Amino acid sequence: MLSSYLKLTRKSFSTKSALNKSKFIIQEQEILEKFVKGSGPGGQKINKCRHCVQLTHIPTSIHVSCQDTRSLTSNRKIARKLLTEKVEHLKNGIESKIGRRISKVQKKKARNKRRSKLQSNPDSETTTTAANSKKFKINDAPRIRVIGGGITAAAFVDRILELLPKADILVSEMGRGMGGRCATRDTGAMKFSHGCPAFDIRTSEFQTIVDDWTKEKIVQVWHPLRLGIINTETMKSTDIPSDQHTLYQLSSRFCKHLMTDNVPFQSNTLINQMEYSNEHSKWKFNDESIEHDWLIVTSPVVAHSKRWSNSFGKDTDAPLCKALANNMDHVSYHQKSMLNDINEIESKSIISLLTVFKGETAQRLAKSFPYEMAHVQNSSVIEKIVCEGMTSDGLFPLVVHSTETYSNDIGRIRGSGSSISKVGKEGVPSSNQKQQQVEDTMREELLKCLTLWIDEVNDIDFSDEKEIDYSAVHSWSAAFPIKNESGMLKDHLSLHIPSSNLILCGDYFGKDVGRVETAILSGRDAAETILRN
Ligand SMILES: Cc1cc2nc3c(=O)[nH]c(=O)nc-3n(C[C@H](O)[C@H](O)[C@H](O)COP(=O)(O)OP(=O)(O)OC[C@H]3O[C@@H](n4cnc5c(N)ncnc54)[C@H](O)[C@@H]3O)c2cc1C
């Protein structure tokens with residue numbers, strides 16, 4: 001669909017001068033429009049009325065939303081303007097209005113960064129500039145396709161635009177928005193993390209990066225009231241008591257910021273076909289006509305045949321394995337071994353229950369919650385409860401993580417609303433009934449914990465709209481990769497296959513897998529690899 005759309009619009013924008021003169025227009029019949037309740041600051045009207053306009057451009061899956069004003073008419077107008085700009089950017093890249101704006105901003109960002117580095121280390125300038133002018137061609141504008149819209153992708157985009165401001169990037173994500181496992185769930189009344197809520201810092205390299213982001217106010221230190229570890233043996237590397245490490249809060253917004261709002265982002269888009277032409281040195285995807293010079297893969301699933309067929313219900317090789325099959329003569333022994341390791345990555349699954357209490361129940365819980373002392377005891381279902389405390393709107397959200405054993409016993413749960421059932425389409429069984437059973441079991445276990453800690457909570461009714469604002473489960477079928485002690489992935493931050501202009505990156509590389517720090521360093525490493533080649 002995307003390919004035919006691009007072909008259709010190409011005619012009227014064939015020359016640069018025509019492009020500058022003509023106004024890019026999207027037809028109304030190509031737009032899917034929804035009106036939803038707004039969220040965040042802005043008063044009651046924003047939160048109670050359906051004045052937030054969500055538009056999806058059907059041929060490209062580009063999505064925008066607008067709740068800037070209290071007038072529905074103005075929001076519809078602004079949303080259409082945003083959507084037109086984004087679609088134009090997808091089609092015309094750096095020649096578009098957004099493209100030119102990004103180039104300007106990124107150049108300024110790179111200049112400021114170089115200046116601040118120079119101030120802190122005056123000797124570095126001569127060596128870095130000399131090395132860069134040989135290695136990096138700053139004016140290059142390679143077309144780069146990124147698969148996945150999580151934190152690895154965001155870190156990649158942030159770094160590549162800093163180093164190659166003209167890079168022309170398109171990010172495709174099968175889920176409904178940015179963030180991947182760090183995404184925030186928007187319940188209407190509030191947004192909160194149902195996957196990874198926060199990250200910590202373990203290396204000096206990452207400390208320097210986060211210090212810069214803190215100065216730019218992109219991230220901030222977080223003091224959650226997190227609690228509930230079943231016992232210390234099951235504590236994973238990601239469970240860091242806040243009194244031992246500084247934690248930084250994560251959200252989809254953070255990923256959005258790194259990606260810059262203007263990089264084209266396709267949500268609800270599963271990349272399930274890819275092909276590399278040796279003759280033209282270009283990648284092609286799904287049925288699109290647009291070609292890309294580089295492919296950046298931030299999720300192992302496209303290179304993992306077992307996970308691919310499990311998730312998408314087809315008994316076939318993963319698409320990246322298929323794409324590389326004809327090109328294996330050009331892949332070194334070392335690279336083949338790493339691909340093999342990726343194809344065998346195991347991962348832990350987790351189910352999270354998100355519940356937002358409101359009204360008197362929220363008040364009661366917030367008042368008596370044994371924040372720092374609470375421990376989940378003797379539960380085979382619940383491992384951890386993340387508690388942020390009461391919000392300024394009087395809501396009390398809890399995120400409950402299941403034990404790995406419970407998640408494995410239950411098997412895969414996919415309600416009809418899950419990304420995989422939506423984009424996997426045929427062959428993916430979904431079961432709302434099974435999802436309901438899991439929801440009920442996890443709520444029961446949560447209630448048992450709450451009853452132990454607080455008097456008179458055993459009467460909470462999860463179906464009562466006066467007490468519960470939102471309650472649902474989310475299944476993370478690959479929450480954390482399992483450390484591969486024997487393989488080669490632990491010695492690298494990414495895998496570059498030069499013969500196909502391909503880089504694989506993500507939190508499954510390096511020594512400390514399954515963590516945000518690893519994902520960010522890996523994404524940045526991929527960007528730096530492009531510049532070295
Ligand atoms: C419940 C939970 C709690 C966690 N807690 C912590 C914590 O406290 N501290 C910490 O450091 N880390 C934590 N983590 C781990 C952290 O979330 C991950 O390390 C990090 O988010 C990995 O980011 P990523 O971009 O590499 O991968 P992902 O976030 O998985 O992004 C990859 C994206 O690729 C998309 N995708 C895959 N295949 C395709 C395709 N074919 N086409 C299009 N899109 C595709 C996926 O939908 C996904 O969004 C937690 C994770 C979970 C699930």
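**Close-up views of the ligand site and two sheets**

**View 1. Domains around the ligand.** In this predicted model, domain 2 (97-181 + 254-343 + 487-532) and domain 3 (197-250 + 347-481) each give at least three residues to the shell around the ligand. By class, this shell has 17 nonpolar residues, 14 polar residues and 4 charged residues.

**View 2. Residues that come nearest to the ligand.** There are 35 residues around the ligand. Those that come nearest are Thr 152, Glu 173, Arg 181, Asp 507 and Val 516.

**View 3. Backbone atoms facing polar atoms of the ligand.** A backbone N or O atom of Ile 151 is 3.0 Å from an oxygen atom of the ligand. For Val 516, a polar backbone atom lies 3.0 Å from an oxygen atom of the ligand. At Met 174, a backbone N or O atom lies 3.1 Å from a nitrogen atom of the ligand. On its own the ligand has 1000 Å² of accessible area, and the protein covers 95% of this area.

**View 4. Helices and a strand in the shell around the ligand.** Three elements are shown: helix H7 (151-163), strand S18 (468-481) and helix H17 (516-532) are the elements that give two or more residues to the shell. Strand S18 provides the largest share, with 3 residues. Ile 151, at the start of the range of H7, has a backbone N or O atom 3.0 Å from an oxygen atom of the ligand. Val 516, at the start of the range of H17, has a polar backbone atom 3.0 Å from an oxygen atom of the ligand.

**View 5. The open sheet that contains S18.** This open sheet is formed by 4 strands in the order S16-S17-S15-S18, with antiparallel pairing. Strand S16 (382-387) and S18 are the edge strands, each paired on one side only. From one strand to the next, the twist averages 20°. S18 is also the strand that gives the largest share of the shell around the ligand.

**View 6. Pairing of S15 with S18.** Strand S15 (residues 347-357) and S18 run antiparallel and are joined by 10 bridges. One bridge partner pair is Ile 351 with Ser 475, the latter in S18.

**View 7. The open sheet of S8, S10 and S9.** Here 3 strands form an open sheet in the order S8-S10-S9, and the pairing is antiparallel. At the edges are strand S8 (198-199) and strand S9 (221-222), and each pairs on one side only. S8 and strand S10 (residues 247-249) run antiparallel, with 2 bridges joining them. Phe 199 has Tyr 248 in S10 as its bridge partner.

Note on methods:
Residues are numbered from 1 along each chain as its sequence is written. This is a predicted model: local features need pLDDT of at least 70, side-chain atom pairs count only at pLDDT 80 or more; totals for chains, interfaces and linings use all residues. Side-chain values use heavy atoms; hydrogens and water are left out. A residue is near a molecule or strand if one of its heavy atoms lies within 4 Å of it. A polar contact is a pair of N or O atoms within 3.5 Å; within protein, one must be able to donate a hydrogen and the other to accept it, and residues adjacent in sequence count only if both atoms are side-chain atoms. Accessible areas come from the Shrake-Rupley method with a 1.4 Å probe; for residues, only the protein chains shown count as cover. Ala, Val, Leu, Ile, Met, Phe, Trp, Tyr, Cys and Pro count as nonpolar, Asp, Glu, Lys and Arg as charged, and the others, Gly among them, as polar. Domain bounds come from an automatic or database domain assignment. Two strands pair if DSSP finds at least two bridges between them. Axes are lines fitted to C-alpha atoms, for helices over the stretch in contact, and angles run from 0 to 180 degrees between N-to-C directions.
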